[in-house]
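Dear colleague,

I am passing on a structure that you have not worked with before, and I set out below what was found in it. Please have it open while you read.

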There are 2 protein chains.
Amino acid sequence: MKMFAERGLGASPTSAISKAAGVAEGTLFTYFKTKDDLVNALYREIKLDVAAAIMSSLPRTKDVRSRLHHLWDGYVSWGAANPDQRKVLAQLQVSDTITAESRASGYAPFAEIEAMARDAVAEQILRDYPVQLIAATLSALAEMIMVCMAQDPKKAAHYRAWGFEILWSGIAAK
Amino acid sequence: MKMFAERGLGASPTSAISKAAGVAEGTLFTYFKTKDDLVNALYREIKLDVAAAIMSSLPRTKDVRSRLHHLWDGYVSWGAANPDQRKVLAQLQVSDTITAESRASGYAPFAEIEAMARDAVAEQILRDYPVQLIAATLSALAEMIMVCMAQDPKKAAHYRAWGFEILWSGIAAK
DNA sequence: TTTATGATTGAGTACGCACTCAGCAACGCC
DNA sequence: GGCGTTGCTGAGTGCGTACTCAATCATAAA
């Protein structure tokens, strides 16, 4: 992960990865059949990490705004606290080495969010948009804010708050 | 560009590019010193194309919302009309083969937007956020909407309108 | 027609990569 | 101490890549 974060996915040969991991190149291939396999495993692990950071302490009984705020802060703070993982995840999201299965299994822990959004739309708390649009807005804005925070860490807390304002006023009803 | 759009940047050897272009591989290297050089040239060309599509007919005398709406529609419609260029641009934005100079020169035509945003903030038409945040919100939402449109072309017009609603209510003052 | 100039060609070259596999070390069991 | 099992090793292999360059061709001036 460190390798991918600082040198990029395409510029990380297996020789460098194994050296950084302190094992021989062959060892790497006893645990992962191919390099793509390793990349997919890393993707799933990071996704699970995000899910754990966000979904575990979700205040399921509070109102929509509070829950969304919790999601937002959880996700964005995770990104600020784990810059390497964030960078790598951003690369992997757009990479075509990630299989459809990996994407599906990486998405699974977040299905609950979609259900939440559906309910909120039905209750006219969120605007009547397709839930995918709402979800996509959330993640697009979150990723944007995370790079802002990484570029100017002093204002990190401001960016986090501003980002949520933009999100909420962008998708809340009325 | 077609090559990069359909096979990806990393999976497009110069042999395939030159063949698709109908010239010998050597010819390619008489016009571009390296492959990176070609990629950077393509990046600048696409950026200029976007700028031409958006900035040329900007209604500079109308109010902020109208101008922003024009920018939004111009950018997003360009993406829908030029899916290959859009895909390639999305890849190049995150690629590390693009030099700092290329990025700077690609950004130049859009400097006017930043000035517009600054004025609008001063007039309290847009919220008091850093202009970079406003600009980043615009492009993050636009790119998000463009992939929505590409996935479900029938609803393209809806997505374009929804996207602007989200943007405007997200950054407009009050 | 001859000749000079410059563009085009594509087989060739050097290199970096993912992946392999014959050997080696460590460990427990008799 | 012998012996089987298991995990680790890293030089080696084959392939795909970016890039080169001597030869060829197209054009137009003399």
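Please bear in mind that this is a predicted model. I begin with the largest nonpolar core, which has 64 residues, and in which A:Leu141, A:Ile145, B:Leu141 and B:Ile145 are the residues with the most contacts. As a general background, nonpolar side chains tend to be buried together in soluble globular proteins. If neighbours within four places in sequence are left aside, B:Ile145 is in contact with B:Val76, B:Tyr159, B:Arg160 and B:Gly163.

One of these partners, B:Val76, leads to helix α5 of chain B, where the buried residues are B:Leu68, B:Leu71, B:Trp72, B:Gly74, B:Tyr75, B:Val76, B:Trp78 and B:Gly79. The elements that cover the buried residues of α5(B) include α4 (35-55), α6 (83-94), α8 (111-122), α9 (131-151) and α10 (156-171) of chain B. The length of α5 (residues 64-81) of chain B can also be checked: at 1.5 Å a residue, its 18 residues should span 26 Å, and because its end C-alpha atoms are 25 Å apart, the two values agree.

Next comes the relation between the protein chains. A turn of 180° and a shift of 0.1 Å along the axis lay chain B on chain A with an RMSD of 0.1 Å, which is the relation of a two-fold axis. The residue of chain B that comes closest to the rotation axis is B:Gly170, whose C-alpha lies at 2.3 Å.

Where the two chains touch, 17 residues come from chain B and 17 residues from chain A. On the side of chain B that touches chain A, α9 and α10 of chain B each supply at least two residues, and α9(B) gives the most, with seven residues. By class, the residues on that side of chain B are eleven nonpolar, five polar and one charged. Since 100% of the interface residues of chain B are also interface residues in chain A, the copies meet through the same surface.

Finally, there is the DNA. DNA strand D is surrounded by 14 residues, the closest of which are A:Ala24, A:Gly26, B:Pro13, B:Gly26 and B:Lys35. At least two residues of the surface near DNA strand D are supplied by each of α3 (25-31) of chain A, α2 (14-21) of chain B and α3 (25-31) of chain B, and α3(A) gives the most, with four residues. Sorted by class, the surface near DNA strand D has four nonpolar, seven polar and three charged residues.

With kind regards

Methods. Residues numbered from 1 in each chain as written. Chains lettered and ligands numbered in written order. Predicted model: local features only at pLDDT ≥ 70, side-chain atom pairs only at ≥ 80, totals over all residues. Least-squares fit on C-alpha atoms with pLDDT ≥ 70 in both. Contact = placed C-beta atoms within 7 Å. Expected span 1.5 Å × (residues − 1). Buried ≥ 20, exposed ≤ 12 C-beta atoms within 10 Å, placed from the backbone. Near = placed C-beta within 6 Å. Nonpolar A, V, L, I, M, F, W, Y, C, P; charged D, E, K, R; others polar. Core = buried A, V, L, I, M, F, W, Y, C linked by C-beta atoms within 7 Å.
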